[in-house]
Amino acid sequence: MAENDITGAAPAALPGQAPERRRAAPLIDIGINLAHDSYDADRGSVIARAEAAGVVQMIVTGSSAESSRTAIALSRQHAGRLFATAGVHPHHATELSATVLTELGELAAAPEVVAVGECGLDYFRNYSPHAAQREGFHRQLQLAARCGKPVFLHQREAHGDFIAILREHWPALAGGVAHCFTGGAAELECYLELGLAIGIAGWICDERRGAHLLELVRRIPADRLLLETDGPYLLPRNLHPKPPSRRNEPVYLAHIAAVVARARGEPAESLARSSTAAARRLFRIPDVDSSNNS
Ligand SMILES: [Zn+2]
């Protein structure tokens, strides 16, 4: 897609206009790894830039006990704007000892935590043995069922095992999202049939690997389509100009939303409205209190 095809992104603020008074369609980044050390030097500005661009709320991904703790701490500092997930990524499945699992249970109970995860299976990188990944996935789905929170799911090259385990636990779960969906039509149909929400990230902006998603996003019901950057990863390939750091951050969510809206043949405004409502419903996130400028 050519850069001048990207329409519908939030308009720039008028000179002298305070960012919070902008009328951009509010967006929620449901997957941002804000605990990642690439944000250590300027995390506050990253959050401020995102809010000024209409990303009114964000869910900070926890992918280990440590990053889950950081995600919760950030959510406390930015109450009502940032929320957290608590979980152990399949890459770190071998870290999920009984002690860590107990700690994860305590973290998941925190009011700032809106989902258990990210958890799932990754047979692409294979940083942890498959058996440990499956075991960790089972345990975290049980945890999600116990605390009554939805699951934030990661799956790569592991669809068969992933869906079999998920189906086993699904009746006890409070819903979930297949985050950063990159799969094909069959996987999508399977997830939709089960009842999952689908997280679309900047992968759709990648003309080499993500072009199939331009067609697939049309099949996702509006009330189950969520948007995420997955920053600092997955900087949208069709973003121009690109930041010299090549680091992705939530301010680019409007760019991803514009690409998704265009692929679906709907105004960016309506996608923003539906995806924000869908995120608030799944994760039980309250509307932003505009008087609470944290
Ligand atoms: Zn992931």
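**Exercise 1. Work out how strand β4 sits among its neighbours.**

Start with the pairing to β5: β4 and β5 run parallel and are joined by six bridges. (Two strands pair if DSSP finds at least two bridges between them; helices, H or I with at least four residues, and strands, E with at least two, are DSSP runs numbered from the N terminus.) Before going on, note that this is a predicted model, where local features need pLDDT of at least 70, side-chain atom pairs count only at pLDDT 80 or more, and totals for chains, interfaces and linings use all residues. Residues are numbered from 1 along each chain as its sequence is written, and side-chain values use heavy atoms, with hydrogens and water left out.

Next, pick a contact in that pairing: G117 has F152 in β5 as its bridge partner. Getting from β4 to β5, the chain passes through α4, and this β-α-β crossover is right-handed (with the strands pointing away from the viewer, the path from the first strand over the helix to the second runs clockwise).

Then look at β3 (residues 82-86), which runs parallel to β4 and is joined to it by three bridges. Here T85 stands opposite A115 in β4.

Finally, check the cover: 10 of the 10 residues of β4 (residues 113-122) are buried, where buried means under 20% relative accessible area with a 1.4 Å probe, protein chains only.

**Exercise 2. Which protein atoms hold the zinc ion, and where do the two histidines lie?**

First, list the donors: E118 (OE), H154 (ND1) and H179 (NE2), at 2.1 to 2.2 Å from the zinc ion. Donors are N, O and S atoms within 2.8 Å of the metal (3.2 Å for Na, K and Ca); water is not among the atoms, so sites may look incomplete.

Second, read off the spacing, E-x35-H-x24-H along the chain. H154 belongs to strand β5 (residues 151-156) and H179 to the loop between β6 (176-178) and α6 (185-194), so the two tie together parts 25 residues apart in sequence.

Third, compare with the burial cut-off. H154 counts as buried because its relative accessibility is 13%, and H179 counts as buried because its value is 6%.

**Exercise 3. What lines the largest cavity?**

Take the residues in order: V88, H89, P90, A93, L96, G120, Q133, G136, F137 and Q140. Helix α4 (residues 130-147) gives the largest share of that lining, four residues.

How values were computed. On a 1 Å grid over the protein atoms alone, a cavity is a set of points where a 1.4 Å probe fits but cannot get out, and a pocket is an open set with protein on both sides within 12 Å along at least five of seven lines; lining residues have an atom within 4 Å of a point. Buried means under 20% relative accessible area, exposed over 50%, partly exposed in between (1.4 Å probe, protein chains only).
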